[in-house]
Every structure is written in structure tokens, then in C-alpha cells.
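Here's a quick look at some backbone oddities and one pocket. Have the model open while you read.

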Amino acid sequence: MTDSGDLSGDLAWVFARQRFGMHPGLGRVEALLSRLGDPQRAFRTVLVGGTNGKGSTAASLAAMLRAGGVRTGLFTSPHLTRFTERFVVDGTELPEAEVTAALAELRPHAEEVGASFFEVITALGAELFRGAGVEVAVMEVGLGGRLDATNALDPVLSVLTNVGLDHTEVLGDTREAIAREKAGILRAGRPAVTGVAADLRLILRAEGADLWALGEEAHLSVQGRGWDGSDVTVGSPAGTVTLRTPLLGAHGAANAGLAALAALRLGLSPEAVQAGAQATQWPGRLEVIPWRGTRVLLDGAHNPDGAQAVAAALQSLGVDRLPLVFGAAGDKDLAGVAAALRPLASEVILTRAALSPRAADPAGLAHLFPEVPLTVTDSPQAALAALGDRRAPQALVCGSLYLLGEVRPLLLGQAAEDRERWQ
């Protein structure tokens, strides 16, 4: 049992649980939620899963709900810079004191059931949202779906963005196997929306959900607006809406469109969808930060599909070649990521997230960028110093959300957490 006054100790405790890894299964988190009085029953839940784009989609949907007058919780992972980013109510991060106080109350129960890091923060999110009087919680799935801790909540609607090869050591090494795991967040007879490719939809439909897929029951058309985002029209049995999203690239437009389809299924008005879409902010996903005369683009693409989406977006924006600051976790398909990004790179500055033990040695990444000028650095600070010397009109920082979490506050002159990052 912990001293409930030792708030910094409780944060240290939950961060330390990252080291124990991920343990798929719902038994522990269900037991923890039960001990807390099942806080998830106090609000309606929307689960948002997929290989890429689930955070952007969740953020867009939460903004639409908020614009429609619904008190909305948004649970996402991982965080970039602050732990409290994971727990947002009506667009505002919950105060650290409130989060740590709830964590102190939850800790003895979590220790009793042996809950993992992600199980703890999922239950913590539910408890915080109950306390905040949330009406609808938009919960981003952590890993897969079927055995992910968020799937202990019972969604009124489920969203699946797409399926690609990532976390293959846990979810399976084929798109079909991964699709079956992700389909576990669907509920028979309940609404669901998806942007998953046509060849995998039969796997999703086998769950018996009332599924609307983009390209079948619903349709999407996109008009790009360059650096200002896109105009997106969504047509569906629930109505048609045209919205403007600041999310960049075709993939950003698709994520906003899928969120709009989910919002229409939840009964939101076109006006709420439009207002929420335009107000959406999602840091670290083709985010533009001006820095010392350079337009720095931050993107957390860490698998081949994500990197290909970033490359396509930059090409559509007229970006030819630019310096690339790259660092990534060593357990990813880095050859596939590098292959997508290499044609964009005028040069590569290799680095690593200093706080992530999973980060690959920068020197060991050099072989991924043959015939491209290389600079190897040992920290985000050194990488930015090298980039600043170039005085390039624009640059891309990519490869790991943990790297972005360290680079972003440096660009903005903000303080950052000083805690080890595994999840």
C-alpha cells in the first residue's frame, strides 16, 4: 500500500511498470475496474483502433462531440511530452494533481491484481472520466484490439482506421491475422465504421457489427488545400457533410472523414461535425513548427505504412527533398520505414530518444540510408544543433513518437518530462 500523499512516488511507480512489458488479456483490467466500482459504466464509450491514424481519428471525433455540446473524454497513448496528455476532458488535459491523486487511490488495487502499465492507465482514464462527469469517452486502443485493456470497456460504437503490419510479434505476421485481432473491438449488432481495405472487410463483418465501410456504405471525397489541410465530403446513410480539416495529407483527410462518419452515426449534427473538424489539433502528426527560419515537420510514423503516408503527403505539398532527422525503436521494420523516407531526404541526421531504452543506436541505422549524406548524433539536442547549422527552409523529424516527445519541447522552448519511456 502506498502513502496517498506521495504523488511523485505514484507517478514513478506507474512509469516503472512499463518495464514489465505488455501482457494481452482482459482478466486483470476487468478485476481492477470491478474493484473501482466499474467507473466505465458512468459514460458511453467509443473505441478507436487501427494500425495508423487512430490518434488523429480519435482527436477529431472528440472535437466533434465537444462541438455538439457533449462532455467528452479523450484517452490516447503514448503521450508526447506530458503524462497528463493521455487524459483530456472537453479539450483540456486534466491537472497533474488530479491525475496523481486518482492514481494513488488506484495503486493498491492495481498491485493486488498485478495490472500492467497500460491496464493501470486505462482504468485510471475511466476513473478520471467518471469523476469529471464525462458523457462520452473516446478511447484509443493501445495494441491490437481483442485483448487490449481498452476492450474491457463496452463500446456503443467502434472505429477501425486501417490494418498494416506492426507489432507482428504479438498480433501475427499477416494482415489477415492482425485484422482478426483488431476486429475484436467490434460488437455484434452495434454500430461500427471503418476505413480498412476491402480485402480485409469480410474478417471484420464476421463479428456481426452494423459496419459501415468507406467505399461501400459510405463514401469520401477530398479536395486538398495544401498546407491548410483539406476539404472532405462524407456521404452516408446518416447524411452528407462537408468539412474542413487542418490535418495534412490524404491520410489526415481520411482520418477526419472517418471521424465524421462516426460522429454522424452518433447522431451529431453536420454543424457540430464541421466545427469539431476545423478545431482539431493533434501534435506530432505532420505538425508544423517554425524554428529558427526552418519549417520543421514532426511526424511519429514508425512503420512502413505510416512512413509511406508521410512521403505521399509531402510530395502532394510540393516538398522535393529536405533534411531528415531520424531516430526509431530497434524493434520496428526500420528497413521498410527508411525505404519510404529515403527518396525525400537531402541528408539524414541520425539520433535517438535519450529517454527510451528501446531506441536504436544511431550509428547502427546508417546502413538504412546508403548514398545519402549522413550525420550521426547521440541526442535530440545534438541533432537539432546540426539541423540549425543547415538553415534549411524545411525539415522532417520522424521515426518515433518518443523522439518527437523530446524534440518538440526543445523546438518550443518548453520543459519536458525526465522519465524513462517504454510505452
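## Backbone quirks and a pocket

Start with Glu 371, which sits in the loop between strand 15 (345-350) and strand 16 (374-376). Keep in mind that this is a predicted model. Glu 371 isn't a glycine, yet its phi is positive, at about 60°. Its relative accessibility is 86%, so Glu 371 counts as exposed, the cut-off being over 50%.

Asp 38 is another non-glycine residue with a positive phi, this one about 50°. You'll find Asp 38 in the loop that runs between helix 2 (27-35) and strand 1 (44-49). Asp 38 counts as buried because its relative accessibility is 17%, and buried means under 20%.

Here are the two side by side:

| Residue | Phi | Relative accessibility |
|---|---|---|
| Asp 38 | about 50° | 17% |
| Glu 371 | about 60° | 86% |

Next, a peptide bond to check: Ser 77 to Pro 78 is cis, with omega near -10°. Pro 78 belongs to the loop between strand 2 (72-75) and strand 3 (87-89).

Now for the pocket. The second largest one has a volume of about 770 Å³. Its lining is made of 33 residues, and those nearest the centre are Ala 59, Thr 280, Gln 281, Trp 282 and Pro 283. Which elements each supply at least two residues of that lining? They are helix 3 (54-67), strand 2, strand 3, strand 12 (285-291) and helix 14 (401-412). Sorted by class, the lining of this second largest pocket comes out at 17 nonpolar, 8 polar and 8 charged residues.

Methods: Residues numbered from 1 in each chain as written. Predicted model: local features only at pLDDT ≥ 70, side-chain atom pairs only at ≥ 80, totals over all residues. Heavy atoms only, no water. Helix = DSSP H or I, 4+ residues; strand = E, 2+ residues; numbered from the N terminus. Buried < 20%, exposed > 50% of the residue type's maximum accessible area, 1.4 Å probe, protein only. 1 Å grid on protein atoms, 1.4 Å probe; cavity = no way out; pocket = protein on both sides within 12 Å on 5 of 7 lines; lining within 4 Å. Points joined across faces, edges and corners; volume = space filled by probe spheres on them. Nonpolar A, V, L, I, M, F, W, Y, C, P; charged D, E, K, R; others polar.
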